[in-house]
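Here are a few short exercises to help you find your way around a new structure. Try each task yourself before you read the solution.

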Amino acid sequence: SKVVFAVMTTDQAANFWPVASAEGLLSTSYQLLGSEAMPYSSGSSYLPVGYMYFSPLSRGSLFTAFDSMWQNMTFNDLNGSSAVSEYGIDLFKVSLADGVT
């Protein structure tokens, strides 16, 4: 069988599954391998037995420093007034206040 690497965002994947099924891509003629944004749950009614997806992982030489920094971060590091000023997150097309559910 042929191998298809499907790499797309979750919202694209949700629309991809029905089309791929209609076009015969989800048959036993193909082995489908999806990216981490294409988990089984986003298209489970379409997917054949044997569907797989991968989750990339990188632990290069600076991973320990990143992990230490990440463990010490707080909400204010990402959404506090200095972070808002530095990264301009208050300038998003959908404001933070409007996007909170």
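pLDDT is the predictor's confidence in each residue, on a scale from 0 to 100. This is a predicted model, so local features need a pLDDT of at least 70 and side-chain atom pairs count only at 80 or more, while totals for chains, interfaces and linings use all residues. Residues are numbered from 1 along each chain as its sequence is written, and side-chain values use heavy atoms, with hydrogens and water left out.

**Exercise 1. Find where confidence is lowest and where it is highest in the chain.**

Start with the average: the chain has a mean pLDDT of 79, and 84% of its residues score at least 70. Next, look at the elements, where helices (H or I, at least four residues) and strands (E, at least two) are DSSP runs numbered from the N terminus. There are five helices and three strands, in the order β-α-β-β-α-α-α-α from the N terminus on. Confidence is lowest in helix α5 (residues 96-99), with a mean of 64, and highest in helix α2 (residues 63-72), at 90.

**Exercise 2. Check the span of helix α1 (residues 10-22), then locate its bend.**

The expected span is 1.5 Å times one less than the number of residues. For the 13 residues of α1 this gives 18 Å, and the end C-alpha atoms lie 19 Å apart, which agrees. Now for the bend, the angle between axes fitted to the seven residues ending at a residue and the seven starting there. α1 bends by about 35 degrees at Phe-16, and Pro-18 follows within four residues. After the helix comes Gly-24, with a positive phi near 85 degrees.

**Exercise 3. Which residues of α1 are buried, and what helps to cover them?**

Buried means under 20% relative accessible area, exposed over 50% and partly exposed in between (1.4 Å probe, protein chains only). In α1, Ala-13, Trp-17 and Ala-20 are buried. An α-helix has 3.6 residues a turn, so residues three or four places apart point the same way. Strand β2 (30-34) is included in what covers the buried residues of α1.

**Exercise 4. Is Ser-35 buried or exposed, and what does Ser-35 touch?**

Ser-35 sits in the loop between β2 and β3 (52-53). Its relative accessibility is 3%, so Ser-35 counts as buried. Contact means heavy atoms within 4.5 Å. Leaving aside residues up to four places away in sequence, Ser-35 touches Ala-6, Val-7, Met-8, Tyr-53 and Phe-54.
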